[in-house]
Amino acid sequence: MAEALFSRDTPSQELTYREKLKNTMLKKTGRMRGDMPAGPVDGSAREVITNCWELEVMSQNSDNDTLFFAVPRQVANNMRVIRVGTDVETGMPTSTYVEDCLRDGDYMIAVRPPSLWHGNVQPVKIVLWDRECFGLAPSLCADFHADFDGDEMELFFIGTSEAVAECKLWKRLSPNVFQEAIKSLRLPKSIDRGEVNVVTRFMQHSTMSVRELMDGRRMPAISKAARMKEDMVNMLVQRVRDPDSVAARYIDESKRGIRDVMNQQLFQGVVGDMLRQASIAASCVTYKGQGLYHVMAGSSVVEITDPTIDYPLYSVQYPLGGNSCMRALRTICARAQQAALDSHRVSTSAKPKLDLIKNMVSGSDVTLVVLSRGPPPEAEMVYSSSDENNVMYCVSHVDAIRPLARRVVASYNPTVLRAVEIIGGDSLAVCKKGISVVCNYYGISLDDLELSSAAVLMCYGLGASNEPATTKRGMLQRSMRWLAVVFANHYGKTKSLHIQGLTRHYVHPQTATEASAFCNFDYLT
């Protein structure tokens with residue numbers, strides 16, 4: 001680093017210095033990501049997780065929105081946390097702080113890295129147990145993207161009454177499939193007499209023996225909650241009945257799987273970059289309540305209204321707070337990222353011919369649109385299919401869709417949305433339906449506010465660029481706020497853009513501290 005600092009006579013040496021400086025700060029082994037996040041934090045703990053069925057019973061006996069988390073007693077006794085002091089006589093909080101150990105019933109923030117979406121970071125209520133690792137209810141695995149093959153989780157203590165009260169308002173993100181499955185059981189009356197462990201009942205009615213499988217018994221409907229897949233069950237039966245053919249197919253599938261794993265691992269970096277760009281763009285959109293959004297454009301604010309959204313800024317319908325647009329884009333991109341991380345689980349039908357998430361967030365000359373009933377398009381379609389209502393789902397080049405703008409029902413592509421806007425159509429409504437098609441295909445759950453926020457971002461500045469607003473070029477061409485432009489240019493290019501007169505609407509950093517915080521190294525030299 002020192003050699004690069006004093007050897008900056010040529011443009012290539014200058015570029016080398018900037019690259020080393022950026023890596024020193026931002027690389028996984030650098031100062032920001034390597035030293036600061038990886039350092040130990042007082043009042044926190046990290047351990048391997050295992051399943052704890054008892055927490056499912058506790059969840060059923062509570063309001064079912066409380067997320068319980070088991071912590072070893074030894075860890076709790078040795079862990080030092082800081083609490084707000086209380087008056088001995090009144091029990092009211094004081095202005096003092098005291099050091100204490102972790103107690104049963106405390107609230108903590110549970111983190112399952114990597115944090116792909118807000119479900120990886122949630123408040124939990126602590127239950128102490130005698131095992132040597134953390135305990136997690138199986139129904140929470142999906143939201144945390146966790147399983148019990150050596151995964152670790154981190155806990156951070158919550159010490160103020162205000163923060164604890166906020167934790168108690170947290171709602172479970174996904175329905176508890178185990179509780180719903182248990183409720184659907186029709187059991188003999190003899191089983192319901194007296195106290196019966198509901199988890200035991202669930203396990204008895206969600207598993208099958210090999211003999212039952214070989215006899216052709218139908219798989220219990222409740223088994224779906226336990227992630228028992230019917231095609232895997234049929235594969236097991238075939239493996240027992242015809243091992244030779246299964247062995248040959250196993251070799252072919254292994255070869256395909258190796259190629260698939262290599263492809264998925266190479267794809268991870270692309271997905272990560274897509275998620276980061278989309279998150280930067282989403283930070284420019286703020287919901288102000290009653291359907292009003294503010295989009296930061298340079299040093300000004302653009303107001304956009306969605307008449308279908310009437311939530312106030314804080315309400316029961318809008319309990320999560322934070323940036324709803326950021327939450328929506330990260331939830332969508334997290335599904336693509338999880339597929340890349342879970343390459344060993346990919347099946348033949350798991351990856352579509354057209355990656356709809358990447359197509360929507362990163363853009364392409366080919367896009368998916370939904371057309372209302374009418375004559376078949378004259379333009380050549382990559383793919384087309386009609387449902388029972390004669391609604392046509394088409395994959396085609398964007399230029400071929402422009403003449404069909406009046407028939408477009410759903411789309412997320414900025415070129416198509418611009419064509420809808422020119423003829424006086426509701427581009428925001430069309431975009432919301434387009435995003436919904438993608439979410440329905442991948443099983444992504446967004447609430448009305450998150451869907452509306454994502455559509456506002458995708459519909460912003462349609463006439464300025466054919467690139468989605470969630471890309472670097474899309475942000476630049478729409479003159480989105482200065483911070484987004486700095487990151488969109490991969491750092492260190494704002495000064496050269498300023499010389500060209502391309503950043504006159506942006507707010508420039510005034511100090512070296514701000515410049516280094518924004519990684520704008522041109523202002524440090």
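This is a guided tour of a predicted model, moving from the whole chain to a core, a helix, two buried polar residues and a set of strands.

**The whole chain**

Begin with the full protein chain in a cartoon view, where the secondary structure comes to 23 helices and 15 strands. Of the 525 residues, 42% count as buried, and the accessible surface comes to about 29,100 Å², with 53% of that surface belonging to carbon and sulfur atoms. Among contacts between residues at least 6 apart in sequence, 62% join residues at least 24 apart.

**The largest nonpolar core**

Next, select I332, I357, M360, V361, I435 and L457 and show their side chains, since these are the residues that touch the most other members of the largest nonpolar core, a set of 62 residues. Helix 19, residues 448-459, gives the most to this core, with 8 residues. A second core of 31 residues is separate from it, and A45, V71, M108 and F157 are among its members. In soluble globular proteins, nonpolar side chains tend to be buried together.

Now centre the view on I357 and display what surrounds this residue: leaving aside neighbours within four places in sequence, I357 is in contact with M274, I332, R335, A336, V438, Y442 and I444.

**Helix 19**

Select residues 448-459 to bring up helix 19. Its end C-alpha atoms are 16 Å apart, which agrees with the 16 Å that its 12 residues should span at 1.5 Å a residue. Because 11 of these 12 residues are buried, helix 19 is largely enclosed by the rest of the structure; the buried residues include E450, S452 and S453 as well as L449, L451 and L457.

At the start of the helix, look at D447, where a side-chain oxygen reaches to within 3.1 Å of the backbone nitrogen of L449. Just after helix 19, select G461, which takes a positive phi of about 60 degrees.

**D306 and its partners**

From S452 in helix 19, move to D306, for the side chains of these two residues make a polar contact at 2.6 Å. D306 lies in the loop between strand 11 (300-305) and helix 14 (324-341), and its relative accessible area of 2% means that D306 is buried. The D306 side chain also makes a polar contact with the side chain of K432, at 3.1 Å. To see the rest of the surroundings, add G291, Y293 and L428, which D306 touches along with K432 and S452 when residues up to four places away in sequence are not counted.

**The strands before D306**

Y293 leads into strand 10, residues 292-297, where the side chains alternate: Y293, V295 and A297 point to one face and are buried, while L292, H294 and M296 point to the other and are not. Show strand 9, residues 285-289, which runs antiparallel to strand 10 and is joined to it by 4 bridges; within this pairing, H294 is the bridge partner of T286. The two strands form a hairpin with 2 residues between them, and Q290 in the turn has a positive phi of about 55 degrees. Then add strand 11, which pairs with strand 10 in the antiparallel sense over 6 bridges, with T305 of strand 11 standing opposite L292.

**A last stop at S279**

Finally, select S279, which is found in helix 13, residues 243-282. At 9% relative accessibility, S279 counts as buried. Its side chain makes a polar contact with the side chain of R330 at 3.0 Å, and S279 also touches M326, residues up to four places away in sequence not being counted.

Notes
Residues are numbered from 1 along each chain as its sequence is written. This is a predicted model: local features need pLDDT of at least 70, side-chain atom pairs count only at pLDDT 80 or more; totals for chains, interfaces and linings use all residues. Side-chain values use heavy atoms; hydrogens and water are left out. A nonpolar core is a set of buried Ala, Val, Leu, Ile, Met, Phe, Trp, Tyr and Cys residues joined through side-chain atoms within 4.5 Å. Buried means under 20% relative accessible area, exposed over 50%, partly exposed in between (1.4 Å probe, protein chains only). Contact means heavy atoms within 4.5 Å. Accessible areas come from the Shrake-Rupley method with a 1.4 Å probe; for residues, only the protein chains shown count as cover. The expected span of a helix is 1.5 Å times one less than its number of residues. A polar contact is a pair of N or O atoms within 3.5 Å; within protein, one must be able to donate a hydrogen and the other to accept it, and residues adjacent in sequence count only if both atoms are side-chain atoms. Two strands pair if DSSP finds at least two bridges between them.
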